[in-house]
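Notebook open, model loaded. I'll jot down what I look up as I go.

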Amino acid sequence: MKGINNLINLYSALMKRLLMIPGPAAYSERVKKAMSLDVIGHRTKEFEEVMGEINANMAKVFRTSGDVFITTSSSTGAIEMAVSNFISPNDSIVAASNGVFGERLVEICNTYSPNVHNIKESYGKPLRPDAFSIVNKGTKAVCVVHNETSMGVENPLAKISKIVKERNPDCLLIVDCVSSLGGVEFDMEKWNIDIAASGSQKAIAAPPGIGMMASREGLVAKAKPRNYYFDVKKYDEYRKKSQTPFTPAVPLFFGMREALREVMEEGLDKRIQRHIRCAKYMRDGARKLGLELFVADECASKTVTSISHDKPTWLKEEMYKNGVVIEGAKGETNIVRVGHLGNVTEREIDVVLDTMGKIVK
Ligand SMILES: Cc1ncc(COP(=O)(O)O)c(C=O)c1O
């Protein structure tokens with residue numbers, strides 16, 4: 001009997017599970033294959049081609065005519081690049097939070113200026129644009145998370161931007177678009193966003209380990225770097241020759257190039273529509289199972305759905321035993337979170353709902 005159980009455990013350990021967490025998102029066979037290419041030198045023409053293609057496509061994904069900087073780091077590195085280069089000691093900063101990643105953004109701001117005002121909203125609720133009326137001519141920067149992954153809330157960024165820029169056109173708007181970029185409508189130009197930071201492993205469905213920061217044209221000249229590795233001026237110097245200042249994670253860059261090709265082949269607008277469709281499909285399906293959604297429809301994230309449950313750890317573990325990996329709560333909430341970003345379609349969501357239905361029936 002013990003032998004059989006060991007065998008079952010071994011089998012389930014080897015079993016390919018369906019990854020439905022809010023990142024890293026599962027990436028395609030094409031991306032996987034691209035990463036198995038032989039390594040190349042990062043000061044070569046071959047690498048410059050890879051990097052040049054990544055830079056060009058990434059600017060399209062950010063919808064910017066400005067500059068894009070690619071780091072070998074997780075998304076937090078790109079956020080740190082955004083904050084550390086454009087915030088000087090004692091600058092007056094407004095940083096907003098309605099979840100764990102907003103709180104982290106506030107912490108990063110606190111690292112670079114003691115003068116940070118935190119606009120705080122409850123977990124599960126969106127940031128209120130009118131709360132940004134406190135921005136004044138002395139505010140140097142406003143920092144916000146677009147899609148608060150920890151709660152499954154999308155913040156009304158366009159409205160926030162409008163208020164911020166009305167109050168002070170020179171105030172920098174710095175946005176964490178980690179779990180929205182490439183899957184949710186995000187438009188640096190139209191929304192007047194000065195600096196945006198994201199990561200590879202979410203809606204772009206590239207391997208984890210690459211950070212991206214985009215900045216409005218001409219802004220880098222005004223940067224005042226405050227750390228060594230994320231000095232944007234160094235990145236800018238090398239960006240001009242399609243290189244990075246330090247040794248990049250070359251196989252990940254191969255993977256990123258391929259993932260961006262997939263985004264372009266699908267078309268960014270179509271991809272955004274698919275994410276909208278899948279989010280609705282997930283929410284409707286959860287309701288049909290009698291489950292309670294943590295966030296109201298109007299501000300629900302299109303890349304992650306949070307479901308209230310009184311035993312979230314149990315539900316997450318049961319799902320895992322049945323081959324579907326979902327995420328638990330982040331922060332003091334009783335929720336599980338299902339990611340539907342990157343390459344996810346209704347087909348994968350059907351598997352989540354089927355499995356969850358059998359568990360909670
Ligand atoms: C909104 C948001 N910001 C920041 C991060 C941190 O990203 P990373 O772990 O890639 O540094 C995440 C990760 O899930 C996120 O969802």
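How do the residues of the shell around the ligand divide into nonpolar, polar and charged? I get three nonpolar, seven polar and one charged. For the classes I took Ala, Val, Leu, Ile, Met, Phe, Trp, Tyr, Cys and Pro as nonpolar, Asp, Glu, Lys and Arg as charged, and the others, Gly among them, as polar.

Ground rules: this is a predicted model, where local features need pLDDT of at least 70, side-chain atom pairs count only at pLDDT 80 or more, and totals for chains, interfaces and linings use all residues. Numbering runs from 1 along each chain as its sequence is written.

I listed the residues around the ligand (C-beta atom, placed from the backbone, within 6 Å of it): Gly23, Ser74, Ser75, Thr76, Phe101, Val145, Thr149, Asp176, Val178, Ser179 and Gly199.

Phe101 sent me to α5, where Phe101, Gly102, Leu105, Val106 and Cys109 are buried (20 or more other C-beta atoms within 10 Å of their own, C-beta atoms being placed from the backbone). Down the axis of α5, the buried residues fall within an arc of 150 degrees (directions from the helix axis to the C-beta atoms), so they line one face of the helix. I then checked their packing partners: α4 (75–86), β3 (92–97), β4 (116–120), β5 (139–145), β6 (147–148) and β8 (172–176).

Zooming out, I count 11 helices and 14 strands in the protein chain (DSSP runs: H or I, at least four residues; E, at least two). Buried residues make up 47% of its 361 residues. The C-alpha atoms fill a box of roughly 65 × 50 × 35 Å along the principal axes.

How values were computed
A residue is buried if 20 or more other C-beta atoms lie within 10 Å of its own, exposed if 12 or fewer, and partly exposed in between; C-beta atoms are placed from the backbone. Two residues are in contact if their C-beta atoms, placed from the backbone, lie within 7 Å.
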